[in-house]
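This report considers confidence, domain packing, internal space and backbone geometry in a single protein model. The structure is shown first, and the discussion follows.

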Amino acid sequence: MASVDRVPGLLGSLAELVGAPTDALRLLISILLGFPLALIHRRTLYGKSPTSQHYYFAACGLIIGFWNYGVDIMHSMAALTVTYLTLKALGGTLVSVILTFIFNMGYLLIGYYATATGDYDIKWTMPQCVLTLRLIGLAYDIHDGQKKEEKLSETQKLTALREQPSFLEMAGFCYFPGSFLIGPQFSMRRYLDYVNGKLVETELDSNGDRKPPASIWPGVQRALVGFVYVALYQIGTQYVSDQYLLEPEFDQLGFVKRCFLLGLWGRCNLYKYISCWLITEGVCIIFGLTYNGKDKDGRDKWDGCANVSLLTFENATEFNHYIMSFNINTNHWCAEYIYKRLKFLGSKLYSQLATLAFLAVWHGLHSGYYLCFFQEFIIMYFEKDIKPVLTKNQKLQGLVNGNFLSRTLLWSVLKVYTFVFMGYSLIPFVLLSYSRYMKVYKSFYFMGHVIFLSYPLIAPFIKKQLKPRRD
């Protein structure tokens, strides 16, 4: 299908003014449209008829999708319709889960193949990849709803569905304007509780309808932090862009300076995602969808759809901190619907490898995705294998934790380690094509590959040296 027309106009002029691609600016504006849509919903529909809310969410998402992708938005309608009919015909059976999984992943991969270029493009496959997880997760939730309560995990008890949602409910869920384009992921159970007024306990108005929750200011605060990260991304890319890493002058810099710029480049690329997630989270908070109970002081918590933990991310001293704090909802989805469902493999290592393989395929067909997630696997293997050995060595622990100076030195070393090698790991994820990411890797002498791939070979020697010895 033809993509939406990109003839320069007011939007093109504005994009040129701010120095951003037109498609990226269109996407940002679409995300920002969630704020007035949330306020309209709070004013007119919150606590009212669930049917009216489903129509509102579906219509808003479809209009925004059409503005971004033109008639290509019909791909999402096709996936939604086929999934609904599959679940309607087969119910919450394992067969329906398998067919839903194969169809939606297959449709997404065909879309990747048909629209592939050498760069990361903003096209209809972006919301389609969000929709793919949403529909597969829905099939799992309906399947879990057919099981006995005692056979469900605590998480599954919160997401399982005893009845299949209607087509209208699925449409409102899939096209929810605060999450349709780039996430966050959330369950159908949360969505239905929200629409039916069960998610947040608020006072009733004079008509007996529930009043909107006091979530406007928390949502604005979260979005404002997102705009700070937008600014950091824009400033950072002025100094170290993707193209700069490929320039001959970059190779002429000193090795230490190149490592610093690589870390800064990786950080800026992560800020791009973080800024969008924070803004969309702000939209969802204002809607009231992110309610997550109350804290110990009795204050409302609005982190039910949080996709990034900023404190953990900014203070990361190991790669596991990045995984725990970055793209939280997608990681949680993979943990619940892929990793934990692979218990039959009998190995956590195999389950982790299969989950990362799924993530790579879900992102696209570029070789850079597969290399990136393979690197994540070997780095996580390195950290999980060496960390217990280091913590059990009392002499070493006494040395590094003996005083403030040694603790500061250790923290600094770990910060440099994560700063540089996170940028190193992101090279194929961002640059995508073999010729480009290999050129950058050559300028760093493949140092990450040498260190982490050689570790399994030298691990026995290292462990022998660090093993505590008896007097």
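How much area is buried between domain 1 and domain 3, and what percentage of it do carbon and sulfur atoms give? The buried area is about 1800 Å², and carbon and sulfur atoms give 63% of it. Within the area that domain 1 buries against domain 3, Tyr 112, Leu 133 and Tyr 140 supply 29%, more than any other three residues. The contact involves 26 residues of domain 1 and 19 residues of domain 3, while the C-alpha centres of these two domains are 31 Å apart. The size of an interface is often given as the accessible area lost when the parts come together.

**Confidence and domains**

The model is predicted. Its mean pLDDT is 90, with 97% of residues reaching 70 or more. Helix α9 (residues 167-174) has the highest confidence, at a mean of 97, whereas helix α1 (residues 10-18) has the lowest, at 73. Over residues 1-7, pLDDT stays under 50, although the model has 18 contacts beyond four places in sequence for this stretch. Where pLDDT is low, the predicted coordinates should not be read in detail.

The protein is divided into three parts: domain 1 spans 19-203, domain 2 spans 213-308 and domain 3 spans 321-465.

**Cavities and a pocket**

Rolling a probe the size of a water molecule over the atoms shows where empty space is left. Three cavities of 30 Å³ or more are found in a search of the whole structure. The table sets out two of these cavities together with the second largest pocket.

| Space | Volume | Lining by class |
|---|---|---|
| Largest cavity | About 50 Å³ | Six nonpolar, five polar, no charged residues |
| Second largest cavity | About 40 Å³ | Four nonpolar, four polar, no charged residues |
| Second largest pocket | About 630 Å³ | 10 nonpolar, six polar, three charged residues |

The lining of the largest cavity includes Ser 30 and Ile 31, the run from Pro 177 through Gly 178, Ser 179, Phe 180, Leu 181 and Ile 182 to Gly 183, and also Thr 280 and Val 283. Two elements, α2 (22-32) and α14 (255-287), give two or more residues to that lining.

Which residues line the second largest cavity? They are Gln 375, Ile 378, Ile 379, Tyr 424, Ser 425, Gly 448, His 449 and Phe 452. Helices α19 (367-392), α21 (404-431) and α23 (447-466) each give two or more residues to this lining.

The second largest pocket occupies about 630 Å³. Among its 19 lining residues, Thr 317, Lys 387, Leu 390, Leu 410 and Leu 414 are the closest to the centre. Here the elements giving two or more residues are α19, α20 (394-400) and α21. Thus α19 and α21 appear both in the lining of this pocket and in that of the second largest cavity.

**Backbone geometry**

Gly 183, one of the residues lining the largest cavity, is joined to Pro 184 by a cis peptide bond with omega near 15°. Pro 184 is located in the loop between α9 and α10 (188-195).

Where does Tyr 445 lie? Tyr 445 is in the loop between α22 (434-443) and α23. Its phi is near 60°, a positive value in a residue other than glycine. Helix α23, at one end of that loop, also contributes to the lining of the second largest cavity.

Conventions
Residues numbered from 1 in each chain as written. Predicted model: local features only at pLDDT ≥ 70, side-chain atom pairs only at ≥ 80, totals over all residues. Heavy atoms only, no water. 1 Å grid on protein atoms, 1.4 Å probe; cavity = no way out; pocket = protein on both sides within 12 Å on 5 of 7 lines; lining within 4 Å. Points joined across faces, edges and corners; volume = space filled by probe spheres on them. Helix = DSSP H or I, 4+ residues; strand = E, 2+ residues; numbered from the N terminus. Nonpolar A, V, L, I, M, F, W, Y, C, P; charged D, E, K, R; others polar. pLDDT = per-residue confidence, 0-100. Contact = heavy atoms within 4.5 Å. Domains from an automatic or database assignment. Buried area = accessible area lost by both parts, 1.4 Å probe.
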